[in-house]
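The following exercises are meant for a reader who meets this structure for the first time. Each one sets a task and then works through a solution step by step.

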Amino acid sequence: MLRFLTQDDLARDPALATSMFRHRADQFHRRRGWAVDVNAAGEERDQYDAQGPLYVIWQAPDGRHGGSMRLLPTTGRTMVNDHFTHLLGGGTICSPLIWECTRFCLAPGAHPRVAAALMLGGGVFMQASGVRHFVGVFDAPMTRIYRLIGAEPDVMGAEGAGAGKTSIGLWTFTEADRARVARRAGIAPETAAAWFAQDREAPRALIAAE
């Protein structure tokens, strides 16, 4: 099922948290070779995990992490504005209606539908909270994944070529987008919305607090 958890929520579920951060280490450090920090517990965490993000997580039947992504408002600190403004020609993105999506991670052996479920979850958050766009930086391998799940962004800037290409994209979530990713995920949009309501009783408070 999809979970929509704050930093504090996640701290109260150590099995889910530990498996998520360890899977992030596996994906980004071991398999992709990114220069990320991995702690002694084998977890990949960075400074943005301390900024009060919302995590969209696919929780497997055993309670552990199956896939996740991290959301932060662009009115605060973000990876895009701290490290990737050159992809925007030196500009920045700051709006309560645009949130950053980072650390899109799938557990080893995750079913392909998990990626679509995460995008559906992100869209549910957008619709419930009044957010209009996600912005995020992604590498070449993610381009294929976004294409397969029917969630390709509008590319705002890029550098490099081939496997080394890095891009910054902007996502919207129309009714057509929702129907497409829901079909790929095999989850009714109403079910995803109910999961969101279960975890976030007052979703607009996330926006108002920023």
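**Exercise 1. Determine whether Tyr146 is buried or exposed, and describe the aromatic pair to which Tyr146 belongs.**

Solution. The model is a predicted one. Step one concerns accessibility: Tyr146 has a relative accessible area of 6%. Because buried means under 20%, Tyr146 counts as buried. Step two identifies the partner. The structure holds 11 aromatic pairs, and one of them joins Phe104 and Tyr146, with 6.1 Å from centre to centre and 80 degrees between the planes. Since an angle over 60 degrees counts as edge-to-face, this pair is edge-to-face. Step three places the two residues along the chain: Phe104 belongs to strand 4 (residues 98–106) and Tyr146 to helix 5 (residues 140–148), so that the pair links parts of the chain 42 residues apart. Phe104 is likewise buried, with a relative accessible area of 7%.

**Exercise 2. State which strands form the edges of the open sheet.**

Solution. Step one is to write down the order of the sheet. Its 7 strands are arranged as 1-2-3-4-5-7-6, with mixed pairing. Step two is to read off the ends: strand 1 (2–6) and strand 6 (154–159) each pair on one side only. Step three adds the twist, for neighbouring strands are turned by 25 degrees against each other on average, direction ignored.

**Exercise 3. Describe the neighbours of strand 7 and the burial of its residues.**

Solution. Step one examines strand 5 (residues 133–139), which is joined to strand 7 (residues 166–171) by 6 bridges and runs antiparallel to it. Across this pairing, Val135 stands opposite Leu170, and Gly136 has Gly169 as its bridge partner. Step two turns to strand 6, which pairs with strand 7 in the antiparallel sense over 5 bridges; here Gly157 is matched with Ile168. The hairpin of strand 6 and strand 7 has 6 residues between the strands, and Gly160 takes a positive phi near 85 degrees in it. Step three considers the side chains. In a regular strand the side chains alternate between the two faces of the sheet. Thr166, Ile168 and Leu170 point one way from strand 7, while Ser167, Gly169 and Trp171 point the other way. Because 6 of the 6 residues of strand 7 are buried, the strand is largely enclosed by the rest of the structure.

**Exercise 4. Explain what is noteworthy about the phi of Arg103, and locate the charged end of this residue.**

Solution. Step one recalls the general expectation: most residues other than glycine have a negative phi. Step two compares: Arg103 is not a glycine, yet its phi is positive, at about 50 degrees. Step three describes the setting. Arg103 lies in strand 4 and is buried, with a relative accessible area of 9%. Its charged end sits over the ring of Phe28, 5.2 Å from the ring centre.

**Exercise 5. Describe how helix 2 is placed against the strands.**

Solution. Step one gives the position: helix 2 (residues 14–31) lies across strand 1, strand 2 (54–59), strand 3 (65–73) and strand 4, at about 80 degrees to strand 4. Step two gives the length. Helix 2 has 18 residues and reaches 24 Å from its first C-alpha to its last, close to the 26 Å expected. Step three lists buried residues of helix 2, among them Phe21 and Phe28. Their cover includes helix 1 (7–11) as well as strands 1, 2, 3 and 4. Finally, Gly33 follows helix 2 and has a positive phi near 75 degrees.

Note on methods
Residues are numbered from 1 along each chain as its sequence is written. This is a predicted model: local features need pLDDT of at least 70, side-chain atom pairs count only at pLDDT 80 or more; totals for chains, interfaces and linings use all residues. Side-chain values use heavy atoms; hydrogens and water are left out. Rings of Phe, Tyr and Trp (its six-membered ring) pair if their centres lie within 6.5 Å; planes under 30 degrees apart count as stacked, over 60 as edge-to-face and the rest as tilted. Helices (H or I, at least four residues) and strands (E, at least two) are DSSP runs, numbered from the N terminus. Buried means under 20% relative accessible area, exposed over 50%, partly exposed in between (1.4 Å probe, protein chains only). A charge sits over a ring if NZ of Lys or CZ of Arg is within 6 Å of the ring centre and within 35 degrees of the ring normal. Two strands pair if DSSP finds at least two bridges between them. Axes are lines fitted to C-alpha atoms, for helices over the stretch in contact, and angles run from 0 to 180 degrees between N-to-C directions. Contact means heavy atoms within 4.5 Å. The expected span of a helix is 1.5 Å times one less than its number of residues.
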